[in-house]
Protein chains: 2
Amino acid sequence: MAARGGIDRFPLIDALDQAGVHVTEPRRAVARLVAEQVGYFTANDLVRAAGRRRLPVGRATVFRALDLFTALNLVERLDLPDGGHAYVACDAAHHHHVVCSACGRSVDASDSGIAEVVAGIAERTGFTIASHRLELFGLCPECARREPAGTPAATIPTATMSATRPS
Amino acid sequence: MAARGGIDRFPLIDALDQAGVHVTEPRRAVARLVAEQVGYFTANDLVRAAGRRRLPVGRATVFRALDLFTALNLVERLDLPDGGHAYVACDAAHHHHVVCSACGRSVDASDSGIAEVVAGIAERTGFTIASHRLELFGLCPECARREPAGTPAATIPTATMSATRPS
DNA sequence: CACGGGCTGAGATCGAGTCTCAACAGTCCC
DNA sequence: GGGACTGTTGAGACTCGATCTCAGCCCGTG
């Protein structure tokens with residue numbers, strides 16, 4: 001529930017504009033829904049949310065918009081351990097996410113230092129590394145405080161984050 | 001199926017044994033199939049392979065066996081860049097995978113250096129990182145030689161990883 | 001030998017994501 | 001101002017990977 005009720009200008013929408021993509025009403029609606037999500041969300045979450053609020057967006061359009069956002073690096077795709085997929089809104093710059101497996105919140109983490117690790121692995125294996133993905137999961141400060149280590153109360157399945165980027 | 005003279009013994013099967021799990025014929029069959037795979041494979045690859053060779057394994061059993069193997073860390077689950085899922089057989093020790101996107105071969109890579117990166121991220125974000133996973137995609141030395149950088153892997157022979165999947 | 005628990009297979013079912021296609025909207029050109 | 005064009009949309013059918021159900025079977029145990 002981020003900035004709501006304001007003019008329809010979100011970073012997301014600005015970015016669409018800048019990317020030379022048509023900013024249509026359905027896309028705006030999806031962008032708004034994305035901006036309101038806390039933590040990660042699935043495509044179906046958006047479809048349901050849109051339906052609940054009678055927004056003018058069809059299911060296919062939600063998927064298309066998410067594809068578009070993903071292509072523009074405005075949202076990042078998560079791979080849940082259960083095989084499903086989810087998304088998180090984020091900056092366009094390449095980075096990784098640390099996902100709280102209790103509340104689902106996701107925080108950006110720069111990948112400082114990983115480049116060297118990747119380079120090292122490339123050298124050792126002889127592979128030409130085209131992209132990498134780093135997945136981190138654990139507990140955010142709040143949840144860690146609420147559930148001292150060891151409490152298996154986490155209801156949300158451990159989400160694994162993946163930011164695949166061409167290197 | 002090759003070695004028919006004697007009891008089939010694979011590291012996989014030994015591990016099942018040690019884990020106190022029943023080593024049944026279907027599980028043995030799945031283990032054998034897994035051991036025969038080159039590179040990564042999907043659950044469906046195994047199902048098809050089993051069917052092709054008339055092995056006594058049902059679809060559900062393949063999935064169950066893979067779950068079991070995954071739980072025992074005998075097999076690692078990969079999230080392919082295209083959102084699909086695959087598996088690779090591997091050691092139980094923690095490590096990472098470098099996957100060739102042309103031939104599908106997967107090589108283990110020690111995670112030297114990543115621990116520091118993860119620690120740094122944990123410190124910066126305040127998260128308690130429970131686990132991490134790093135996956136690297138690129139070209140193995142052979143494929144890189146065959147397809148010099150820049151050449152789009154138009155004719156991917158075996159496993160396709162980013163484009164279409166054989167139907 | 002009888003019993004009980006775990007494992008199995010076949011098929012039904014679920015559900016995420018894709019594809020098709022006609023209709024529509026916004027933009028550009030004349 | 002009008003017409004044409006291109007890109008977008010929505011509804012729903014469809015695909016296909018994955019899971020669930022459930023009765024039957026097998027193995028180890030007492």
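How much area do chain B and chain A bury between them, and what share of it lies on carbon and sulfur atoms? The points below take up that contact and then some features within the chains.

1. This is a predicted model, and the answer to the opening question is that chain B and chain A bury about 3,000 Å² between them, with 63% of that area on carbon and sulfur atoms. The contact draws on 39 residues from chain B and 40 residues from chain A.

2. As for how the two copies are arranged, chain B is superposed on chain A by a rotation of 178° with 0.3 Å of shift along the axis, and the RMSD of that fit is 0.5 Å. This is the relation of a two-fold axis, and in chain B the C-alpha nearest the axis belongs to Leu134(B), at 2.6 Å from it.

3. The copies meet through the same surface, because 97% of the interface residues of chain B are also interface residues in chain A.

4. On polar interactions between the chains, the rule finds zero salt bridges across the interface of chain B and chain A, whereas it does find five residue pairs in polar contact there, counting pairs in which both residues are at pLDDT 80 or more. On the side of chain B that touches chain A, at least two residues each come from β1 (75–79), β3 (96–100), β4 (106–109), α5 (114–125), β5 (128–139) and α6 (141–146) of chain B. Of these elements, β5(B) gives the most, with twelve residues, and by class this side of chain B has 21 nonpolar, eleven polar and seven charged residues.

5. The strand β5 also pairs between the chains: β5 of chain A, residues 128–139, is joined to β5(B) by eleven bridges, and the two strands run antiparallel. Within this pairing, Thr128(A) stands opposite Leu139(B) of β5(B).

6. Inside chain A, strand β3 (residues 96–100) and strand β4 (residues 106–109) run antiparallel and are joined by four bridges, and one of the residues to look at is Val99(A), whose bridge partner in β4(A) is Ser106(A). The hairpin of β3(A) and β4(A) has five residues between the strands, and in this hairpin Gly104(A) takes a positive phi near 85°.

7. Although the interface of chain B and chain A has zero salt bridges by the rule, the structure holds nine salt bridges over all chains. Side chains of opposite charge can pair when their charged atoms come close. One salt bridge is formed by the side chains of Glu25(B) and Arg28(B), at 3.4 Å from N to O; both residues lie in helix α2 (residues 25–36) of chain B, three residues apart, which is about one turn of the helix.

Key
Residues numbered from 1 in each chain as written. Chains lettered and ligands numbered in written order. Predicted model: local features only at pLDDT ≥ 70, side-chain atom pairs only at ≥ 80, totals over all residues. Heavy atoms only, no water. Least-squares fit on C-alpha atoms with pLDDT ≥ 70 in both. Contact = heavy atoms within 4.5 Å. Buried area = accessible area lost by both parts, 1.4 Å probe. Salt bridge = Lys/Arg side-chain N within 4 Å of Asp/Glu carboxyl O. Polar contact = N/O pair within 3.5 Å; in protein donor to acceptor, adjacent residues only side chain to side chain. Nonpolar A, V, L, I, M, F, W, Y, C, P; charged D, E, K, R; others polar. Pairing = 2+ DSSP bridges.
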